[in-house]
Amino acid sequence: MTPDLMEEGARRASAYRELAKVGKTESGGRQAGFSRVMAAGEVDVAHGRILYLEDVSVSFDGFKAINKLSLDIAPGELRCIIGPNGAGKTTMMDIITGKTRPDEGTVFFGSTIDLLRFTEPEIAQMGIGRKFQKPTVFEHLTVFENLELTLKTDKGVKSSMFFRLDSAHSDRLAEVLHTIHLADSTTRLAGNLSHGQKQWLEIGMLLTQDPKLLLLDEPVAGMTDEETARTAELFLSLKGKHSLMVVEHDMSFIKTISEIVTVLCDGSVLAQGTLDQVQSDERVIEVYLGR
């Protein structure tokens, strides 16, 4: 390569990087066109998306639960998903976490990990955590013990037998306890917690595993008004540190936490935008919000 071509290539690369900083490249700001070494366990979000679904479809006994669904989420984003019962919200989460295999479509975690090639446990290990509507905790163990069990450590038999908390683990547990509003309940049995506190504990059990993406299914269902408000605070504190997909029917809760709201209906995206935008959409009013 001649010196003038090398100089021109360097100039273009520099100009591209400057454009990428403000998202004006043809790829929307991603820098995957330039080689970079990925650390073990790192998710490549150079394209500006941590989750990407395109034209995903799945049918059950002839019923199309998901129909050409396309959706993407940015790193650190808190995305709210709403829609009528049967819209495909839970099935979408099943597909992302490997519980259900779609008939067609693409599902990527970052720009390089094809989730359709992995099992549920493998996907969880990659950094996708899921919380179902009903809290699942070890009720006969204390709050602290629940969190300790789920720390991201070597789970081999020998390692588990000789495991001892070090200062880093202790600091991590203290941080999570503070985040989930249970720092003063470490010795309480999980079975004695309120419904809302059990929800927080399960979220904490996910956080100890350092997830990059959290899928949360109706997290405030059954909570008191005070618990719902504190859960909103919790989610807003997680935003930016983790990417969150929150499926919920409580519109006042959605209003508190949302920036972008995606409305699903009949297995595909019906509308997307701010809460005000989707609430004023005639199609959304017709199929979900009512008049």
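# A walk through the fold

Of the 291 residues in the protein chain, 45% count as buried. Keep in mind that you're looking at a predicted model. Switch to cartoon view to begin: the protein chain has 11 helices and 10 strands. If you like contact maps, take the contacts in the protein chain with a separation of 6 or more: residues 24 or more positions apart account for 62% of them.

**Stop 1: a helix pair**

Select residues 195-207, which is helix α7, and residues 225-238, which is helix α8. Two packed helices are described by the angle between their axes and the distance between the axes. For α7 and α8, the angle is about 15 degrees and the axes are 10 Å apart. Angles under 35 degrees count as roughly parallel, and α7 and α8 are therefore roughly parallel to each other. Rotate the view to look at the handedness: α7 passes α8 in a right-handed crossing.

Now show side chains. Which residues meet where α7 packs on α8? From α7, pick Gly196, Gln197, Trp200, Ile203 and Leu207. Facing them from α8 are Glu227, Arg230, Thr231, Leu234, Phe235 and Leu238. Colour this contact by residue class and you get six nonpolar, three polar and two charged residues.

**Stop 2: Thr231**

Stay in helix α8 and centre on Thr231. Is Thr231 buried or exposed? Its relative accessibility is 0%, so Thr231 counts as buried. To see what surrounds Thr231, leave aside its neighbours within four places in sequence and select Trp200, Val220, Met223 and Phe253, which are in contact with it. Trp200 is a residue you've just met in α7.

**Stop 3: the nonpolar cores**

Next, bring up the largest nonpolar core, which has 43 residues. Which of its members touch the most other members? Try Leu147, Ile180, Leu201, Phe235, Leu244, Val246 and Ile257. The largest share of this core, six residues, comes from α7.

Apart from this core lies another one, of 29 residues; Val43, Leu53, Leu213 and Leu264 are among them.

Go back to Leu201 and list its contacts, not counting residues up to four places away in sequence. Val137, Val143, Asn146 and Leu147 are among the residues Leu201 touches. Ile180, Leu182, Ala190 and Leu193 are also in contact with Leu201.

**Stop 4: Cys265 and Thr91**

Jump to strand β9, residues 260-265, and click on Cys265. Cys265 has a relative accessible area of 12%, so this residue is buried. Draw a C-alpha to C-alpha distance from Cys265 to Ile66: the two are 199 residues apart in sequence and 9.2 Å apart in space. For contacts of Cys265, again not counting residues up to four places away, select Pro84, Ala87, Leu270 and Val287.

Keep Ile66 displayed and find helix α2, residues 89-96, where Thr91 lies. Thr91 is buried too, at a relative accessible area of 14%. Ile66 is one of the residues Thr91 touches, along with Val58, Phe60 and Ala65, not counting residues up to four places away in sequence. One more distance to draw here: Thr91 and Gly267 are 176 residues apart in sequence, with their C-alpha atoms 8.7 Å apart.

**Stop 5: Thr106**

Select residues 104-109, strand β4, and find Thr106. Thr106 is partly exposed, with a relative accessible area of 28%. Which residues does Thr106 contact, leaving aside neighbours within four places in sequence? Tyr52, Leu53, Glu54 and Val56. Leu53 should look familiar from the core of 29 residues. From Thr106, you can also draw a C-alpha to C-alpha line to Ser70, which is 36 residues apart in sequence and 8.9 Å apart in space.

**Stop 6: two backbone spots**

Finish with phi values. In strand β1, residues 51-60, select Asp55. Asp55 isn't a glycine, yet has a positive phi of about 50 degrees. Asp55 is partly exposed, at a relative accessible area of 36%.

Then move to strand β2, residues 63-73, and pick Lys68. Here too phi is positive in a residue other than glycine, with a value near 55 degrees for Lys68. The relative accessible area of Lys68 is 43%, so this residue is partly exposed.

Conventions:
Residues numbered from 1 in each chain as written. Predicted model: local features only at pLDDT ≥ 70, side-chain atom pairs only at ≥ 80, totals over all residues. Heavy atoms only, no water. Axes fitted to C-alpha atoms, helices over the stretch in contact; angles between N-to-C directions. Helix = DSSP H or I, 4+ residues; strand = E, 2+ residues; numbered from the N terminus. Parallel < 35°, antiparallel > 145°, perpendicular 65-115°, else oblique. Left-handed = near helix turned anticlockwise from the far one by under 90°. Contact = heavy atoms within 4.5 Å. Nonpolar A, V, L, I, M, F, W, Y, C, P; charged D, E, K, R; others polar. Core = buried A, V, L, I, M, F, W, Y, C linked by side-chain atoms within 4.5 Å. Buried < 20%, exposed > 50% of the residue type's maximum accessible area, 1.4 Å probe, protein only.
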